[in-house]
Amino acid sequence: MKKTGGSKRLALHITLAALLALLCIGGVELAACRHFAPETYERIVAPVRYAAAVVADTGRAALDAAGQFCRDVADRTAELASQAAQQAAEFWEDLTSKPQLILPEPSEPPPSQASPLPPATDPPLTEVLEADGRQILTGGVVNVVYFCQSDEQWAEQLYGTDPIGPFGCGPTAMAMAVASMTDTDTDPAKMAAWAAAHGHWARRSGSYDSIVTGTARAFGLEAESLTQRTVDEVHEALWAGKLLVAHVGPGHFTNGGHFILIRGITLSGDVLVADPNSLERSLQLWDPQLILDELSSARSSGAPLWALSLPDP
């Protein structure tokens, strides 16, 4: 095996030496030909020169094309860079010209030993306040000046020949309406005297239904009879800012006959009242249908349900 490898290397060296000798001999002969036979030399080298010229021209064209491509790429890159810079400048100008959102600084967490907050409570829907020596019921279409017929100031004073305490719900209810909706200075005693003098007192029975329309007309109010006597009609009148006067029969408010005011409405549709014989009932919510079901059967003078309002200016 070693002998065979050595023979191959020897043959390769002999071949390379022969090719080198041939090139040298060819170069010498070509140089001699150029000197002694110029025409023959030109015929031999002309194709080589032409090929070299073609190669050179092709190389220059390739170089020119490559240079133009590089110049085009550079020009396009510069154009894109200019556009990007302009867009960035416009974006920054638009960003800085708008009001900036200032986020609040994070607050300190409450200390672990802090007392818990009291539970939230709803504000009272209606309450009774004291103003100028009078009680005021809040939360209705108007703040109602509240009078109680059994108050010791006038309970024993006369309504006609009857005491206001057990028989004066009519003038007491109308005194609340007039005092709340007008500038008239009145109270149950003053209203009882006026009503008796104008024929609205009913001996041992309280008041005639005419006390509502008669008092409204005399003190600058309008009284409208609500004839449908439905919950929707009650709601619409209250939404319009009107006070309602109801003549109710036996039920939650009385064992006989009684005048009350309906003075407000809640979002749930319940109503507020001003009962001249009970402040407690005046601070409660009432189902309007319950009141409608307990209305008196009287039908004179627009009874048993009226809406009071101020006349249009």
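**Helix contacts, a small-stranded sheet and a buried serine**

In helix 4, the residues P171, T172, M174, A175 and V178 meet P188, M191 and A192 of helix 5. Of the residues that make up this contact between helix 4 and helix 5, 7 are nonpolar, 1 is polar and none is charged. The model discussed here is a predicted one.

The geometry of this pair may be described next. Helix 4 spans residues 169-181 and helix 5 spans residues 188-197; their axes come within 8 Å and cross at roughly 115°. Helix 4 is therefore roughly perpendicular to helix 5, since angles of 65 to 115 degrees are placed in that class. The crossing in which helix 4 passes helix 5 is right-handed.

Helix 4 also has a relation to the sheet. It lies across strand 2 and strand 3, and runs at about 135° to strand 3. These strands belong to an open sheet of 3 strands, arranged in the order 1-2-3 with antiparallel pairing. The edges of the sheet are held by strand 1 (128-131) and strand 3 (144-146); each has a single partner strand, so one side of each is left without a neighbour in the sheet. From one strand to the next, the twist averages 40°.

The pairing within the sheet can be followed at the level of residues. In general, the strands of a sheet pair through backbone hydrogen bonds, in either a parallel or an antiparallel manner. Here, strand 1 and strand 2, the latter comprising residues 134-137, are joined in the antiparallel sense over 4 bridges. One residue pair can be named: V128 has L137 in strand 2 as its bridge partner.

Another point of interest is S309, which is located in strand 13 (residues 305-309). S309 has a relative accessible area of 14% and is therefore buried, the cut-off for that term being under 20%. When its neighbours within four places in sequence are left aside, S309 is in contact with M181, L221, E222 and K242. Among these partners, M181 leads back to helix 4, which ends at residue 181.

Helix 6 supplies further buried positions. This helix covers residues 210-218, and S210, I211, V212, G214, T215 and A216 within it are buried. Just after helix 6, G220 adopts a positive phi of about 80°.

In summary, helix 4 links several parts of this account: helix 4 meets helix 5 through the residues named at the outset, and helix 4 lies across strand 2 and strand 3.

Key:
Residues numbered from 1 in each chain as written. Predicted model: local features only at pLDDT ≥ 70, side-chain atom pairs only at ≥ 80, totals over all residues. Heavy atoms only, no water. Axes fitted to C-alpha atoms, helices over the stretch in contact; angles between N-to-C directions. Helix = DSSP H or I, 4+ residues; strand = E, 2+ residues; numbered from the N terminus. Parallel < 35°, antiparallel > 145°, perpendicular 65-115°, else oblique. Left-handed = near helix turned anticlockwise from the far one by under 90°. Contact = heavy atoms within 4.5 Å. Nonpolar A, V, L, I, M, F, W, Y, C, P; charged D, E, K, R; others polar. Pairing = 2+ DSSP bridges. Buried < 20%, exposed > 50% of the residue type's maximum accessible area, 1.4 Å probe, protein only.
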